[in-house]
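Work through the exercises below with the structure open. Try each task before reading its solution.

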Amino acid sequence: MVSKKKWSVCVIGAGPSGLVAARELRKEGHRVVVLEQKHDVGGQWLYDPNIEKEDPLGQTKFLDVHSSIYTSLRLLSPREIMGYTDFPFFVKEGPGRDPRRFPGHKELWLYLKEFSVHFGLRELIRFNTRVEYVGMLDGSCGGLKWVVKSSDVGSEEVVVEEVFDAVVVANGHYSHPRLPSIKGMDTWKRKQMHSHVYRVPKAFQNQVVVVVGNSLSGQDLSMELAGVAKEVHISARSQNTLTEGFSTVISKYENLHLRPQIKSLEEDGRILFVDGSFVVADAILYCTGYTYSFPFLDTKGTVAVEDNRVGPLYHHTFPPSLAPSLSFVGIPRKIIAFPFFESQGKWIAQVLSGKRKLPSPDDMMHHIHQFYRQREADGIPKRDTHDIIHFEVRAEVNQSQS
C-alpha cells in the first residue's frame, strides 16, 4: 500500500486551472489554500469592464485588470469539449443563460462558478488577495518549503506571510501584453493600446485605426471596429497566414484594408509600412498576444521566462530541481484546455501524495533538452515552446494509473 503524504499547498489563482488543481489536491488529502486577486472565481473568464485605471499597453509589474475578455467574445470551441471530464458543460436553461453551442464568455464563467460550488471549492479560496512574493525557504531536514506573502487588494501593506510545503502556480497567461518593437513607439503621441484593455468599439468611432497582428483576436476586433471606425488597417507580418474565409470578409468591407508589417511610427501621426506606403492614424490597437509573467515568484533564477519560454519545466509542469514542491498548471497553449488542466492537477496531486513518482532531476532535464532540440529541429520558434496540440500530460497521467 502506498503511504500518502499530506502537504500544505498554496494554489495561486482561481481560474480554470487553479480550480481543478485545488479539487484534485484536496481529493488526495492535501491541505489547500487558493489565493485569488479578484472577487470571484473564473480567472480570465471573469469579465472586467473597468479598464480605466489600467496602463493601455499593460506594462506595469502588477496589472489592475486580469481579464482580457472583450464584450462580444464567444467561445471558439464547442461546449462539448470545453468542460472537465466529470462535469460536462451542458446547456442550462433560464434567464441570462446562453444555450448556443459556441456561447458567449459569460456562459463559461457561470459554468466555472457552478463547478466551484458543486465541488465545495469556494471555502478554500481567499478572494481579493494579491500574491506579492513567493520564495524558497530552506527547511533543512524538513525539506524545501515556500514562503508566500500576500496582501488585500488595494492595500500596499503585506498583511499575511505563510509557509507552505508546496506551491502550484496557476495564474494564467493571457493578461500581460506581448508588444512588438517598432521604431517610434515611444514618441508616437496618439492613442496606443493593447487588446488586453479593449472592451467595446465605441471609443474608436469615426477614427482611423491600425490593428497590429492578424491573430484570431486581431481578425475578430478588426471586423468589429469596421462597423464604427472610419478606416481599419490590419498590419500583418505575413499575409500568407490569412485564412480564405477572412480574406473574403475583408473584401466585403470598404473600410477594412490589409497592410504589411509596420516600419516606423512618425511623430506627425503617420504609420509607415515596409512596402513604402503609409497611413495617418488616430489609434493603434496591438493584437500581438501575451507573455508569461510571474512577478511574485523568486526561484533565484531556477525558473525563468526567456522569449516566452517558461523553463526548464518537465512536461510544462515541474521544474526539475524544485520538483515536486513547485509546479505550474495551465502553461501549455493550443490545447483542449479544461481536460488538460485536470490531467495536470491529478498528476501534481498524486506526485505529492506518493502515488506517482517523478524521474530524477537529471533525467527530467535530459527529457527537457531533448524536447527543446526536437522543437528546434521542427522549426518551431522558442516563443512557441508551449504551443502543443496533443495530450502529453494526459498520456503521462493515464500511463501511471494503468
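**Exercise 1. Locate N128 and describe its backbone and exposure.**

Solution. N128 lies in the loop that links β3 (125–126) to β4. Strands here are DSSP runs of E with at least two residues, helices are runs of H or I with at least four, and both are numbered from the N terminus. The model is predicted: local features need pLDDT of at least 70, side-chain atom pairs count only at pLDDT 80 or more, and totals for chains, interfaces and linings use all residues. Residues are numbered from 1 along each chain as its sequence is written, and side-chain values use heavy atoms, with hydrogens and water left out.

Next, the backbone. Most residues other than glycine have a negative phi. N128 has a positive one, near 55 degrees.

Last, exposure. N128 counts as partly exposed because its relative accessibility is 37%. The cut-offs are under 20% for buried and over 50% for exposed, with partly exposed in between (1.4 Å probe, protein chains only).

**Exercise 2. Which residues of the loop between β18 and β19 follow a cis peptide bond or have a positive phi?**

Solution. Start with the prolines. P312 sits in the loop between β18 (309–311) and β19 (326–328). The bond from G311 to P312 is cis, with omega about 0 degrees. P324 belongs to the loop between β18 and β19 too. A cis bond joins A323 to P324, again with omega about 0 degrees.

Now take H315, also placed between β18 and β19. Its phi is positive, near 50 degrees. H315 counts as buried, because its relative accessibility is 10%.

**Exercise 3. Give the strand order of the open sheet that contains β16, and name its edges.**

Solution. The order is β6-β5-β4-β16, 4 strands with mixed pairing. The edges are β6 (160–164) and β16 (297–298), each pairing on one side only. Pairing requires at least two DSSP bridges between two strands.

Then look at one pair. β4 (residues 129–137) and β16 run parallel, joined by 2 bridges. In β16, D298 stands opposite G135.

**Exercise 4. Describe how α1 packs on α2 and on α5.**

Solution. Take α2 first. Helix α1 (residues 16–27) and helix α2 (residues 105–118) pack at about 15 degrees, with axes 11 Å apart. The angle makes α1 roughly parallel to α2. Axes are lines fitted to C-alpha atoms, for helices over the stretch in contact, and angles between N-to-C directions run from 0 to 180 degrees. Under 35 degrees is roughly parallel, over 145 roughly antiparallel, 65 to 115 roughly perpendicular, and the rest oblique.

α1 crosses α2 in a left-handed sense. Left-handed means that the near helix is turned anticlockwise from the far one by less than a right angle; right-handed means clockwise. P16, L19, V20 and R23 of α1 make the contact with L112, F115 and S116 of α2. Contact means heavy atoms within 4.5 Å.

Now α5. α1 and helix α5 (residues 337–353) pack at about 35 degrees, their axes 8 Å apart. This crossing of α1 and α5 is right-handed. Among the residues in contact are V20, A21 and L25 of α1 and F338, F341 and I348 of α5.

**Exercise 5. Where is Y253, and what does Y253 touch?**

Solution. Y253 is in the loop between α4 (244–251) and β11 (256–259). Leaving out residues up to four places away in sequence, Y253 touches M223 and A226. The C-alpha atoms of Y253 and G227 are separated by 9.0 Å, at 26 residues apart along the chain. Y253 is partly exposed, with a relative accessible area of 30%.
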